[in-house]
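Colleague: I would like to learn how to read a model of this kind, feature by feature. Could you give me the general idea each time, and then the case at hand?

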Amino acid sequence: MEDQMMQVLIAVLISTFIAVNSYRKNSLDVSGAFAGFFVMAVHLSVNYRFGAMLLAFFFTSSKLTKIGEERKRSVDADFKAGGQRNWIQVFSNSGIATILVIAYWKLKSSQDICLDSSESYIITSIVGGIIGHYSCSNGDTWSSELGVLSDEQPRLITTFKVVRRGTNGGITKAGLQAAAAAGSVIGLAFVVPGIFTKSCTNDSFMKQLLVIPLSALAGLAGSLIDSLLGATLQFSGFCSVRNKVVSKPGPTVKRISGLSILDNNGVNVVSILLTSMLTSVACLYIF
């Protein structure tokens with residue numbers, strides 16, 4: 001009990017420091033800082049490995065958002081200096097995982113595990129869902145932030161026709177490679193802390209390493225699903241006044257692709273949900 005209380009205290013202290021620091025650096029606005037504090041505190045209080053995956057996503061995506069800001073400003077109509085995120089963006093990129101983390105806590109408290117479906121199908125699927133969640137979130141962010149900086153012209157995922165930079169559903173080789181790399185980072189964030197927090201048998205430990213390539217595939221799959229949704233259910237058009245690709249129709253906007261059904265946050269939530277489900281099922285077969 002004392003160990004669990006100490007873990008909660010450490011989680012609150014770390015989450016407070018990161019939320020305040022992120023607000024000061026413009027990575028989060030006030031609402032995003034409060035939402036981020038809550039999400040981080042929950043993850044770290046339940047399991048350090050869940051917290052490690054969240055922090056790997058948050059820190060790497062925040063850093064990449066700030067790379068090439070001037071170039072991104074020239075093509076992104078919704079560009080914000082520092083990539084400042086609000087509470088909606090925080091929960092759209094971490095809400096499903098937070099629900100899964102709470103479900104894990106209700107079933108296992110803060111007890112760590114080695115992935116093994118023979119011991120528990122439910123726990124293995126929940127953890128797989130969390131891994132898939134952050135692999136997708138990280139993969140989509142890396143793909144977007146690095147893909148737009150590539151010299152390669154993006155192609156619409158549904159037609160493979162060349163489209164303007166910033167078009168929803170546009171993909172590049174660099175972006176897809178970045179998505180796979182981003183997923184593998186999440187896998188490492190899950191596996192490495194487990195070396196110190198959970199003692200597995202040799203065979204079981206070696207099998208846990210499969211999380212890394214699985215996460216890489218989840219990052220790539222999540223990016224592709226996100227792009228497919230963006231190309232079909234999210235509007236993209238070129239505004240002749242702003243000379244940029246925009247996500248809302250208007251009198252000066254010529255449609256490029258998609259329908260005005262989902263916005264960017266909606267696309268993120270659906271792609272994360274689908275990738276989490278696929279990764280959860282994959283974990284049941286692999287582990």
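Modeller: We shall go through annotated segments, a helix pair, a small sheet, some backbone angles and a few single residues, keeping in mind that this is a predicted model.

Colleague: Let me begin with the record: which residues does the UniProt annotation "transmembrane region" cover?

Modeller: The unreviewed UniProt entry gives that annotation to residues 86–105, 174–196, 208–225 and 267–286. An annotation of this kind may be inferred rather than shown by experiment, and it can be set beside the model. Over residues 86–105 the chain is 95% helix and 0% strand, with 27 Å between the end C-alpha atoms, while over residues 174–196 it is 100% helix and 0% strand, with the end C-alpha atoms 34 Å apart.

Colleague: How should I read the packing of two helices, and at what angle do α9 and α10 pack?

Modeller: In general, two packed helices are described by the angle between their axes and the distance between the axes. Here helix α9 (residues 211–233) and helix α10 (residues 264–286) pack at about 145 degrees, and their axes are 9 Å apart. The crossing of α9 past α10 is right-handed.

Colleague: Which residues of α9 and α10 meet?

Modeller: From α9 the contact takes in Leu214, Ala218, Gly222, Ile225, Asp226, Leu229 and Gly230. On the α10 side, the residues include Val267, Ser271, Leu274, Leu278, Thr279, Ala282 and Ile286. Sorted by class, the contact of α9 with α10 is made up of 11 nonpolar, 6 polar and 1 charged residues.

Colleague: Where is threonine 279 placed, and is this residue buried or exposed?

Modeller: Threonine 279 sits in helix α10, and because its relative accessible area is 5%, below the 20% limit, it counts as buried. Apart from neighbours within four places in sequence, threonine 279 is in contact with Gly128, Gly132, Leu214 and Ala218; Leu214 and Ala218 are also among the α9 residues that meet α10.

Colleague: Now the sheet: in what order do the strands lie?

Modeller: As a general idea, strands of a sheet pair through backbone hydrogen bonds, either parallel or antiparallel. In this model 3 strands form an open sheet in the order β4-β3-β5, with antiparallel pairing. β4 (244–246) and β5 (253–257) each have a single partner strand, so one side of each is left without a neighbour in the sheet. Averaged over the sheet and with direction ignored, neighbouring strands are turned by 35 degrees against each other.

Colleague: How many bridges join β3 to β5, and how many join β3 to β4?

Modeller: Strand β3 (residues 236–239) pairs with β5 over 4 bridges, and 3 bridges join β3 to β4. Glycine 237 shows both pairings, with arginine 255 as its bridge partner in β5 and valine 246 as its bridge partner in β4. Further along β3, phenylalanine 238 stands opposite lysine 254 in β5. Both faces of β3 are covered, with Ser236 and Phe238 buried on one side and Gly237 and Cys239 buried on the other.

Colleague: What should I make of a positive phi, and where does asparagine 243 lie?

Modeller: Most residues other than glycine have a negative phi. Asparagine 243 has a positive phi of about 60 degrees although it is not a glycine, and it lies in the loop between β3 and β4, a hairpin with 4 residues between the strands. With a relative accessible area of 54%, asparagine 243 is exposed. Asparagine 26, in the loop between α1 (2–24) and α2 (30–46), likewise has a positive phi, of about 70 degrees, but with a relative accessible area of 34% asparagine 26 is partly exposed.

Colleague: To finish with single residues, which residues does serine 117 touch, and which are in contact with alanine 189?

Modeller: Serine 117, in the loop between α5 (87–108) and α6 (121–147), counts as buried because its relative accessibility is 10%. Not counting residues up to four places away in sequence, serine 117 touches Thr124, Leu284 and Phe287. Alanine 189 belongs to helix α7 (residues 173–197) and is buried, with a relative accessible area of 12%. Leaving aside neighbours within four places in sequence, alanine 189 is in contact with Arg49, Ala52, Met53 and Ala56.

Terms used: Residues numbered from 1 in each chain as written. Predicted model: local features only at pLDDT ≥ 70, side-chain atom pairs only at ≥ 80, totals over all residues. Heavy atoms only, no water. Axes fitted to C-alpha atoms, helices over the stretch in contact; angles between N-to-C directions. Left-handed = near helix turned anticlockwise from the far one by under 90°. Contact = heavy atoms within 4.5 Å. Nonpolar A, V, L, I, M, F, W, Y, C, P; charged D, E, K, R; others polar. Pairing = 2+ DSSP bridges. Buried < 20%, exposed > 50% of the residue type's maximum accessible area, 1.4 Å probe, protein only.
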